[in-house]
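Biologist: I would be grateful for a close look at a single part of this structure. Please choose one helix, explain each term as it arises, and then describe the surroundings of that helix.

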Amino acid sequence: MIIDMYAAGIAAVFGLLGIGLYGLMTLRNLIKVILSLQIIGKAAVLAVVVAGSISGEIAIAQSMAASVIVADTLVAVIGLALAVQMQRCHGSLDLRTLSMKFHTPPEAENGG
Amino acid sequence: MLSVAAVLVMLFSALLSISVRWLLTAALWLAVTSAGAAALLYMLGAHEIAVIEFSVGTGLVPVLFVFAMSLMGRTSSMPTPIIPRTAAGGLALLCLVLLGLTLLPINTAGQDKVPITFSQILWQDRSLDMLVQIVLIFAGIISVLNILRRTDAEPPGIRHDH
């Protein structure tokens, strides 16, 4: 029964990691990119706890998972704040639009 | 059986959160993903982390997403992807296969160790890490306050003579 639990945990880690990577590669909206990072962070937390549970070091795994949760939440907070400023300053959250805007040479912007 | 149900709920809601058009709905599906992850963590024996994940992932993070969306005034977006979906799916699958080949099979030896409590590890062995995390949280709060500050004042050096 406990092996089934580990198998479910490993399947969850791989599934969440795959969904997060797929989202990072396909999505162009900044909010959705942060959301994909959150999904990958959940996969990381689960991976640490599953590894700790398998090796019998669940307390160490939990303390490390706490660090992962803190870092993941801070990434979301700072990423969302940056997205708000991007929307205010440039009027867009589309990654392609933003990269085109940042890589346009000044001569082209001035019409010369 | 419960663990399999939690995994299915988690994967289904994660898939919905990246595929729905409305950002608010996506944030709510992310909260459901966190709830499933918390349930699985509890079943794996990580009770404290399950509670933290449930309160942070289901309570705090979706509220932050909704707050950011209300500040931006944008709630939907579905542009065409940068990488074609089939190529992205193939690359993600390749990453998972390589990771699986590296990690599996998992050695389950060493489960009969002397148990140490979570609080003992957290507050004694990793006390420096806890201190750094507290500093990190405050640094994050200060950064966000600085990023979100409206700079209505003119930059120095610009004068208007009326």
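Modeller: The following account begins with one helix of chain B and then turns to its surroundings. This is a predicted model, in which local features need pLDDT of at least 70 and side-chain atom pairs count only at pLDDT 80 or more, while totals for chains, interfaces and linings use all residues. Residues are numbered from 1 along each chain as its sequence is written, chains are lettered from A and ligands numbered from 1 in the order in which they are written, and side-chain values use heavy atoms, with hydrogens and water left out.

Chain B has 6 helices and 0 strands; helices (H or I, at least four residues) and strands (E, at least two) are DSSP runs, numbered from the N terminus. Read from the N terminus, the order of elements in chain B is α-α-α-α-α-α. Of the 162 residues of chain B, 30% count as buried. Buried means under 20% relative accessible area, exposed over 50%, and partly exposed in between, with a 1.4 Å probe and protein chains only. Contact means heavy atoms within 4.5 Å. Among contacts in chain B between residues at least 6 apart in sequence, 57% join residues at least 24 apart.

The chosen part is helix 3 of chain B, residues 47-72. The expected span of a helix is 1.5 Å times one less than its number of residues. For the 26 residues of this helix the expected span is 38 Å, and the end C-alpha atoms are 37 Å apart, which agrees. Helix 3 of chain B nevertheless bends by about 30 degrees at Val56(B); the bend at a residue is the angle between axes fitted to the seven residues ending there and the seven starting there. Just after the helix, Gly73(B) takes a positive phi of about 75 degrees.

The buried residues of helix 3 of chain B include Ile49(B), Glu53(B), Val56(B), Gly57(B), Phe65(B) and Met72(B). Their cover includes helix 2 (30-55) and helix 3 (58-90) of chain A, together with helix 2 (23-43) and helix 5 (118-125) of chain B.

Glu53(B) deserves a separate description. This residue is buried, with a relative accessible area of 4%. Glu53(B) touches Lys42(A), Ile69(A), Ser34(B), Ala38(B), Leu41(B) and Thr58(B), not counting residues up to four places away in sequence. A search of the whole structure finds 1 salt bridge over all chains. Lys42(A) lies in helix 2 of chain A and Glu53(B) in helix 3 of chain B, so the pair joins two chains. A salt bridge is a side-chain nitrogen of Lys or Arg within 4 Å of a carboxyl oxygen of Asp or Glu; between Lys42(A) and Glu53(B), the closest N and O atoms are 3.3 Å apart. Lys42(A) also counts as buried, at 3% relative accessibility.

A neighbour of this pair is Ser34(B), which touches Lys42(A), Glu53(B), Gly57(B) and Thr58(B), not counting residues up to four places away in sequence. Ser34(B) is placed in helix 2 of chain B and counts as buried at 0% relative accessibility. A polar atom of its side chain lies 3.3 Å from the backbone oxygen of Gly57(B). A polar contact is a pair of N or O atoms within 3.5 Å; within protein, one must be able to donate a hydrogen and the other to accept it, and residues adjacent in sequence count only if both atoms are side-chain atoms.

Another partner of the helix lies in chain A. Ala66(A) is found in helix 3 of chain A and is buried, with a relative accessible area of 11%. Ala66(A) touches Ile49(B) and Gln133(B), not counting residues up to four places away in sequence.

The whole interface may now be described. The contact takes 64 residues from chain A and 78 residues from chain B. The two chains bury about 6,300 Å² between them, 76% of it on carbon and sulfur atoms; buried area is the accessible area (1.4 Å probe) that two parts lose on being put together, summed over both. In chain A, Phe14(A), Met25(A) and Gln62(A) lose the most area to chain B, together 10% of what that side buries. Across this interface, 7 residue pairs are in polar contact, both residues being at pLDDT 80 or more. The elements that give two or more residues to the side of chain A that touches chain B are helix 1 (2-26), helix 2 and helix 3 of chain A. The largest share of that side, 23 residues, comes from helix 3 of chain A.
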